[in-house]
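Student: I should like to learn how to read the features of a protein model. Could we begin with the contacts between charged side chains?

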Amino acid sequence: MTKITNIDKYRAFCKIEKDIPLFNQDWWLDAVCDKGYWDVALVEKNNEIIASMPYYIKKKFIFTAITLPTLTQTMGPYIKYPKEQKYSTSLSWDKKIMQELIEQLPKVDIFTQGFNYSIINTLPFYWRGYQLSIGYTYIIDKLDNLEELFNSFSSSTRKEIRKAKKNGIEVIDSEDIETFYKINQITYKKQGLKIPYSLNFIKNLYQKGKENNAVVMKFALKDDEVYSVGLYFYDKERLYAVVGSSNRELKLYGSEYLLIWEMIQFASKKSLIFDFKGSMIERIESRMSSFGTIQKSYPIITKTNSKLLRIGRDIIS
């Protein structure tokens, strides 16, 4: 008789549990964990999953790491809380559940995960020797009044959107993943960087998104010339700006701003929160905040088990 694995259980769980965040869903993990493999810790009660924590394992040189896959901002625990649970009770529930999840994590040299910003209590990890730091994302959670929202944008952002329209830029849906990737390559090349994913990787991710009705790709163009591109994925609650690029070899005419505005309207129609997916880079943060966003912090959890890595870190610091 074939043994049912945690992954088998988790796949079934993902089919019925609609609130699991995008980056924790099994199809997403299948697509992005191409340089290692993923598994999942589960807590069950009465044969029902009440908590899960997928993790991605890969080799880095001679070291084994639990880390975040490509294009994945956060993972971390997903916990089902009993209905009408008191706040004081939820804290002890967190502690018990997270301790059980931590016990199931494999021994690795280094652990790094960003947790979804809905995870507030990370003390159980701290008590087990993990270090806590903070990342930031930027969201728009009130999209019911688009006129009011547009007026909340900075004057420079509104100006860029109007400029794009005045110059004949239009935003269309597209499935041309090759052109999308080409614009990505231009963006990275202009920054002197190597693109961190292959065409096959992004093709596979896009296809998985289509199969799960969870992706939209848009181009901002003029006279068949593509100026800006955006690849967005969504779950039940949020639309995530996973990848956006512009052809810096062209005068952009505000095309990237118009594309984002079109995607915000798409999120509004689907009653989703718009999530810029965050950045710690100042110039990118400045653009995100210009859209009238709310800054949200999320926990980043790390732990270095390797003595060699700890020594190296101590020497550098």
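Tutor: We begin with a definition: a salt bridge is a side-chain nitrogen of Lys or Arg within 4 Å of a carboxyl oxygen of Asp or Glu. Please keep in mind that this is a predicted model. Under this rule, R11, D26 and D30 are linked in a network of salt bridges.

Student: How many salt bridges does the rule give?

Tutor: The count comes to 15 salt bridges. Let us examine several of them in turn. K163 and E160 are joined through their side chains, with 3.2 Å from N to O.

Student: How far apart are K163 and E160 in helix α6?

Tutor: They are three residues apart in helix α6 (residues 155-166), so about one helical turn separates them. As for its surroundings, K163 is partly exposed, because its relative accessible area is 34% and the category "partly exposed" lies between the cut-offs of 20% and 50%.

Student: Which residue forms a salt bridge with K218?

Tutor: The partner of K218 is D173, and their closest N and O atoms are 2.6 Å apart. This pair links distant parts of the chain: K218 belongs to strand β8, D173 to strand β7 (residues 170-173), and the two positions lie 45 residues apart in the numbering.

Student: Are K218 and D173 buried or exposed?

Tutor: K218 is buried, with a relative accessible area of 10%. D173, by contrast, is exposed, at 54%. A further pair is E256 and R248, whose side chains meet in a salt bridge of 3.1 Å, N to O. Here E256 is buried, with a relative accessible area of 12%, while R248 is partly exposed, at 40%.

Student: What should I look for among charged residues that are not in salt bridges?

Tutor: One may look for surface patches. A patch is built from residues with over 30% relative accessible area and no salt bridge, and like charges are joined within 9 Å. In this model, E170, D223, D224 and E225 form a negative surface patch.

Student: Where is D224 found, and why does it count as exposed?

Tutor: D224 lies in the loop between β8 (215-222) and β9 (225-234). It counts as exposed because its relative accessible area is 74%, and the cut-off for exposed is over 50%.

Student: Let us turn to a loop residue with less accessible area. Is N247 buried or exposed?

Tutor: N247 is buried, because its relative accessibility is 7% and buried means under 20%. Its place is the loop between β10 (238-246) and α9 (255-269). Setting aside residues up to four places away in sequence, N247 touches I183, I186, V226, Y227 and L252.

Student: Which residues are in contact with I177?

Tutor: I177 is found in helix α7 (residues 177-190) and is buried, with a relative accessible area of 6%. Apart from neighbours within four places in sequence, I177 is in contact with L199, I202, K203, Y206 and M217.

Student: How should I read separation along the chain beside separation in space?

Tutor: One gives both values for a pair. I177 and R11 are 166 residues apart along the chain, and their C-alpha atoms are separated by 27 Å. For L308 and D109, the separation along the chain is 199 residues, and the C-alpha atoms are 9.2 Å apart.

Student: What is the place of L308, and which residues are in contact with it?

Tutor: L308 is in helix α11 (residues 307-316). At 53% relative accessibility, L308 counts as exposed. Leaving aside neighbours within four places in sequence, L308 is in contact with I62 and F63.

Student: What may be read from the backbone angle phi?

Tutor: Most residues other than glycine have a negative phi. A positive value in such a residue is therefore worth noting. N46, a residue other than glycine, has a positive phi near 55°. S271 is not a glycine either, and its phi is positive, at about 55°.

Student: Where are N46 and S271 found?

Tutor: N46 is in the loop between β1 (37-45) and β2 (48-60), and S271 is in the loop between α9 and β11 (273-275). N46 counts as exposed at 71% relative accessibility, and S271 counts as exposed at 66%.

Key: Residues are numbered from 1 along each chain as its sequence is written. This is a predicted model: local features need pLDDT of at least 70, side-chain atom pairs count only at pLDDT 80 or more; totals for chains, interfaces and linings use all residues. Side-chain values use heavy atoms; hydrogens and water are left out. Patches are made of residues with over 30% relative accessible area and no salt bridge: like charges are joined within 9 Å, nonpolar side chains (Val, Leu, Ile, Met, Phe, Trp, Tyr) within 5 Å. Accessible areas come from the Shrake-Rupley method with a 1.4 Å probe; for residues, only the protein chains shown count as cover. Lys and Arg count as positive and Asp and Glu as negative; His and the chain ends are not counted. The place of a charge is taken as NZ of Lys, CZ of Arg, CG of Asp or CD of Glu. Helices (H or I, at least four residues) and strands (E, at least two) are DSSP runs, numbered from the N terminus. Buried means under 20% relative accessible area, exposed over 50%, partly exposed in between (1.4 Å probe, protein chains only). Contact means heavy atoms within 4.5 Å.
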